[in-house]
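Visitor: Please take a close look at one part of this model, the place where the first two domains meet. I would like one connected account, with the cut-offs stated.

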Amino acid sequence: MGDPPAAKTFYVTTPIYYVNDVPHIGHAYTTLSADVLARYHRLRGREVFFLTGTDEHGQKVQRSAAEQGLEPIELADRTVERFQAIWEALHISNDDFIRTTEPRHRRAVEAIFRRIDEAGDIYPGEYEGLYCVPCETFWTELQVGEGGCPSCGRPVETVREKSYFFRMSRYEKRLLEHIERHPEFIQPESRRNEILSFVRQGLKDLSISRTTFDWGLPVPTDPSHVLYVWFDALTNYLTAPGLGTDPERFERIWPADVHLIGKDILRFHAVYWPTFLMAAGLPLPRVVFGHGWWTVEGQKMSKSLRNVVDPLWLIETYGVDAVRYFLLREVSFGADGDFSHRAFIGRLNADLANDLGNLLSRTVGMIQKYCDGVVPEPSEETALEVAFRERAEAVMVAQDGFMAQCAFQKALINIFELVAAANKYVDETAPFKLAKREADRPRLRTVLYTLAEGLRFLRLLTDPYMPTTAAKIGCQLGIPALEPGRPFNEVSRWGGTEGGQTIHEGPKLFPRIEEDRAVAIHEEVARLADAEEAPPEEDAVEEIGIEEFQRVSLRTARIVAAEPVPKSKKLLKLTVEVGGGEQRQLVAGIAQDYTPEALVGKSVVVVTNLKPARLMGVESQGMVLAGETPEGKVVLATFDEPLEPGCVVK
RNA sequence: GGCUGAGUAGCUCAGUGGUUUAGAGCGACGGUCUCAUAAACCGUAGGUCGUGGGUUCAAUCCCCACCUCAGCCA
């Protein structure tokens, strides 16, 4: 065994995405993680091949296209555009984009099929089973029971057809041995255990052809059959490196170093795929990593929730690098995670704006102010500089280990510990005090140099995750763009710049999202969640009993004072009388439709037993009832006839 | 039904081959400072480490049962 030859290309893949899908955050997540690996290795001077693409064959595509009055390829073309638009917006640096409808793919599929056939592992037979079209999966009668497809619940179809089979059973032992000998082959470990127990239960031969539809690649030895979509799709990983078209290149690129996938398709990648490759006499990929799924605001992703985390919308709202950062920082790769806008804004403000952005801005600011905008040359180091430098070096070194495990979250935590150390270093050395005494000039220069050098490290460290941000940091520090030819270990050495370069103060890296903007985002999120077509019955408003309604205390109230909440466009602070002389302070989001003057004296309905909340720093002890027109205009609930404050509303 | 994993501070999670004060981030509260994006830095916050048993001088970490959740399989 041992290490692969140094010349071998680092090859990372995403799954090819199904053109019947609407691109969503899950796709973005997989592709993004692959992008980080690709950028990481490129930065270190390795040759990288980063592949993504689309899976365009199959009965489901054929049917959807027909329903929309399109040819399958037209449907595919449209979806491909959508995917590519997202990859562009996300700054994905893929080297190739494979489509399974391309001629080169057909050649690769023929090549691997022939190899397997020559090995004697393909034989004709007959398949009878219950098939779920949307899931493209056969089920046993036991599995289906009365409930339809165990996976999606829809009715299944009985299918009996001639089919070619792949002798997967023959590779059961070899696969088991391989998984046992290579603990890194299937990750994370819990997924590995699952696959292990699956394989131990025995592998059956696999039906790999269909005759019931024709949108697919023909079986090379029998064109009346179409290849099973997974056989077709998995082969994409061989196509792009050049199987069947460019043997030399293929040799250099294959096997893949990492197949990144969602946990839902692990079995195809960790069982079917390696056995296909074994039969074809090809080396196996080194790692198959099945990452987790995202829930949204604590709920399983549904159609309407997808709107709320639509990748393009997120990028537009928060900026591409914030999205990249959040997705990889928020959860441990492999585990499921929750996407919430509150958490997002928290991360953006705390980590990116306050810690990283502010570090750059204070450093550049001081260099500008105290050193006429030129990064100074250092004099002697004290223990503080040594400690900081060693920390920076340690972080740089640690990255390799994290990347080898796809531990993006740990890597980012580690990098941001350096950011924190730099902020602390500013505090400990107080350069703004040093600047006041001429005698402290040399010391000041050392401190500012150390900070600049620390930020230069941070530029290198963050580059795979936030390439645009890294470039901005470099630009503000006045350090040259990375030269492709220069060895990374030279660039990443402390002291890699000697000082003397001119800095360029620039805009904030990440402006904080202040509370009123956060409120606006949350409102927009709520609107988007509702925007999806009328929810089906099971999503309809839940019925409640009268007791439950009675738990809400509604009272009439008179507005005695109203004033705008500072810095907020939508909020008004209201003082209302709720009966018995009691006054309460409420915050209501009605400033766009009511002026404070117009409100005083009005009778309204107020929820009086709501937990107090703080909006824009102002406490709200209740809620005013109002309706909203389709255009979004807010209208307060009032009464036909005046009612005294404190009357019960029911 | 079988198997695997998880259940730790308000929230999100880390952690230990069993030994003295169980950790971090965010939030909250108090303080320092003023170079900076009202940021940064420091300090405080008392969580029966899911429940009940067991092993042990000693268990959050080992064993058993149970509960809850997630996943894989049937």
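Guide: What follows covers confidence, then the contact between domain 1 and domain 2, then some local features.

This is a predicted model, in which local features need pLDDT of at least 70 and side-chain atom pairs count only at pLDDT 80 or more, while totals for chains, interfaces and linings use all residues. Residues are numbered from 1 along each chain as its sequence is written, chains are lettered from A and ligands numbered from 1 in the order in which they are written, and side-chain values use heavy atoms, with hydrogens and water left out.

The average pLDDT of chain A is 85, and 88% of the residues score at least 70; pLDDT is the predictor's confidence in each residue, from 0 to 100. Residues 1-5 stay under 50, and the model gives them 2 contacts beyond four places in sequence, a contact meaning heavy atoms within 4.5 Å. The stretch 533-543 is also below 50 and has 0 contacts beyond near neighbours in sequence. For the complex, the predictor gives an ipTM of 0.91 and a pTM of 0.80.

Chain A is assigned domain 1 (10-291), domain 2 (341-491) and domain 3 (547-636), with bounds that come from an automatic or database domain assignment. Between the C-alpha centres of domain 1 and domain 2 the distance is 42 Å. Where they meet, 13 residues of domain 1 are in contact with 15 residues of domain 2. Together the two domains bury about 1,300 Å², of which 70% is on carbon and sulfur atoms; buried area is the accessible area (1.4 Å probe) that two parts lose on being put together, summed over both. On the domain 1 side, Tyr40, Leu43 and Arg44 lose the most area to domain 2, together 44% of what that side buries.

There are 0 salt bridges between domain 1 and domain 2, a salt bridge being a side-chain nitrogen of Lys or Arg within 4 Å of a carboxyl oxygen of Asp or Glu. Polar contacts between these domains number 2 residue pairs, both at pLDDT 80 or more. Such a contact is a pair of N or O atoms within 3.5 Å; within protein, one must be able to donate a hydrogen and the other to accept it, and residues adjacent in sequence count only if both atoms are side-chain atoms.

Helix 1 (25-43) and strand 12 (258-262) are the elements that give two or more residues to the side of domain 1 that touches domain 2. Helices (H or I, at least four residues) and strands (E, at least two) are DSSP runs, numbered from the N terminus. Helix 1 supplies the largest share of that side, 6 residues.

Helix 1 also holds Arg39 and Asp35, 4 residues apart, about one turn of the helix. Their side chains meet in a salt bridge (2.8 Å, N to O), and the structure holds 29 salt bridges.

As for strand 12, the loop between helix 10 (247-253) and this strand contains Pro255. A cis peptide bond joins Trp254 and Pro255, with omega about 5°. Another cis peptide bond, with omega about -5°, joins Gln187 and Pro188.
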